[in-house]
Amino acid sequence: MNIDLVSLANKGIRGLHPYLPGKPVSELERELGISDIIKLASNENPAGCSSLAQQAIQNELVDITRYPDANGFYLKEALCEHLSVAMDQITLGNGSNDVLDLIARTFAGKDDEVVFSQHAFVVYPIVTQAVEAKAVVVPALNYGHDLKAMAEAISDKCRLVFIANPNNPTGICLFHDELLAFIQQVPKNVMVVIDEAYYEYATDDRYPQTLAWLQEFPNLIITRTFSKAYGLASLRVGYSISHSDVAGLLNRVRQPFNVNSFALAAATAALKDKAFLKQAVDLNQQGMDYLQKELSRLGYDFIPSLGNFITVDMDCDAMDIYQKLLQQGVIVRPVANYQMPQHLRVSIGLMQENQRFIRALKLVAGR
Ligand SMILES: *Cc1c(COP(=O)(O)O)cnc(C)c1O
């Protein structure tokens, strides 16, 4: 007898589509038989990571047989000092994606509604669908959040709102006044997640310092990560800052050893290396300036970004340019799955990588 195994899965899970990662360098090497490939597809840190973090990983090797500290005490302690918050406000995750998943599982369920924007980070629809909640996707305004429409979309059934600031894959940022005005409008029984994965790169004065709002808005959850500016993407470590009651709930759902010892040690050390962080942010700014200048010169429109990537309107089916760039050994990210079939997202690389991308683009697009 043939059993349809797929039909056995939960309804929410059956409707899921797997996350589409950036193409790995090794895969393209195998396919094309070429080396010297550059990857500007996953918003990774081209500068690597802090040498303090690398040393911390080395030091951790002697204890590889032991389970990690289930409470992540030293990392939480370092984060508290870094952020001036209390230990019981922090929840650690296996990447901040893990925390986003914990939040959905904690606050939303079958028939609840979760509000987020069109073109918003792809993990929001995934975690919403997985808990069988209903995604209320609010049409974007010039690729950014339409906060007025989002406020209106919050019904009695809404439990959760996700906002990425800056958003991925658009790079667009909401500034202090507009975001604060929105949060003031959200009912206090609806949790608002501000996903600040690119916080360290968003150096604009108008960028909201949302930690200061937690006191007044206990329904606020802020998530951040070590994957981007700290350059520790492979280790998978992120966290949220929230009211202690919220953190208490998230910690009930969290798997006890969700963050491994190497990630804990490296992240704790990385927080101390202010020089590395500054260097990474400066390098990003230089690369961003260069790419904006060159793309403008070539006549391309791009979305203003405060992240470590820039999303460019190719003015044609972007898959075509994407494939041709691959042939040149340059991996960028198509965003058709975000309803942006004409755009490509390009992570800011080292200066020579940015230059190589521009050279390849000129060649393949004939501009
Ligand atoms: C990269 C990213 C994350 C999550 O990264 P982790 O590696 O899971 O910490 C979360 N939100 C946005 C908007 C991102 O771009």
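1. In this predicted model, an oxygen atom of the ligand lies 2.7 Å from an N or O atom in the side chain of Arg236. The protein covers 94% of the 390 Å² of accessible area that the ligand has on its own.

2. Two other side chains can be listed beside Arg236. In Thr225, a side-chain N or O atom is 2.5 Å from an oxygen atom of the ligand. In Asp195, the partner on the ligand is a nitrogen atom, and the distance to a side-chain N or O atom is 2.6 Å.

3. Arg236, Thr225 and Asp195 belong to the set of residues around the ligand, which also includes Gly95, Ser96, Asn97, Phe121, Asn168, Ala197, Tyr198, Ser227 and Lys228. By class, this shell has 3 nonpolar, 6 polar and 3 charged residues.

4. The loop between strand E5 (158–164) and helix H8 (176–185) deserves a look at its backbone. Most peptide bonds are trans. The bond that joins Asn165 and Pro166 is cis, with omega about -5 degrees, and Pro166 lies in this loop. A cis peptide bond also runs from Asn168 to Pro169, where omega is near 20 degrees. Pro169 is likewise placed between E5 and H8. Asn168 appears again here, being one of the residues around the ligand.

5. Another backbone point concerns Tyr143. Most residues other than glycine have a negative phi. Tyr143 is not a glycine, yet its phi is positive, near 70 degrees. Tyr143 sits in the loop between strand E4 (134–138) and helix H7 (147–153).

6. Next come the helices. Two packed helices are described by the angle between their axes and the distance between the axes. For helix H11 (residues 274–297) and helix H13 (residues 351–365), the axes come within 10 Å and the crossing angle is roughly 15 degrees. Angles under 35 degrees count as roughly parallel, and H11 and H13 are therefore roughly parallel to each other. Their crossing is right-handed.

7. H13 has a second partner to check, helix H12 (residues 318–327), and the axes of H12 and H13 also come within 10 Å. How are H12 and H13 oriented to each other, parallel or oblique? Their axes cross at roughly 120 degrees, so H12 and H13 are oblique to each other. The crossing of H12 and H13 is right-handed.

Terms used:
Residues are numbered from 1 along each chain as its sequence is written. This is a predicted model: local features need pLDDT of at least 70, side-chain atom pairs count only at pLDDT 80 or more; totals for chains, interfaces and linings use all residues. Side-chain values use heavy atoms; hydrogens and water are left out. A residue is near a molecule or strand if one of its heavy atoms lies within 4 Å of it. A polar contact is a pair of N or O atoms within 3.5 Å; within protein, one must be able to donate a hydrogen and the other to accept it, and residues adjacent in sequence count only if both atoms are side-chain atoms. Accessible areas come from the Shrake-Rupley method with a 1.4 Å probe; for residues, only the protein chains shown count as cover. Ala, Val, Leu, Ile, Met, Phe, Trp, Tyr, Cys and Pro count as nonpolar, Asp, Glu, Lys and Arg as charged, and the others, Gly among them, as polar. Axes are lines fitted to C-alpha atoms, for helices over the stretch in contact, and angles run from 0 to 180 degrees between N-to-C directions. Helices (H or I, at least four residues) and strands (E, at least two) are DSSP runs, numbered from the N terminus. Angles under 35 degrees count as roughly parallel, over 145 as roughly antiparallel, 65 to 115 as roughly perpendicular and the rest as oblique. A crossing is left-handed if the near helix is turned anticlockwise from the far one by less than a right angle, and right-handed if clockwise.
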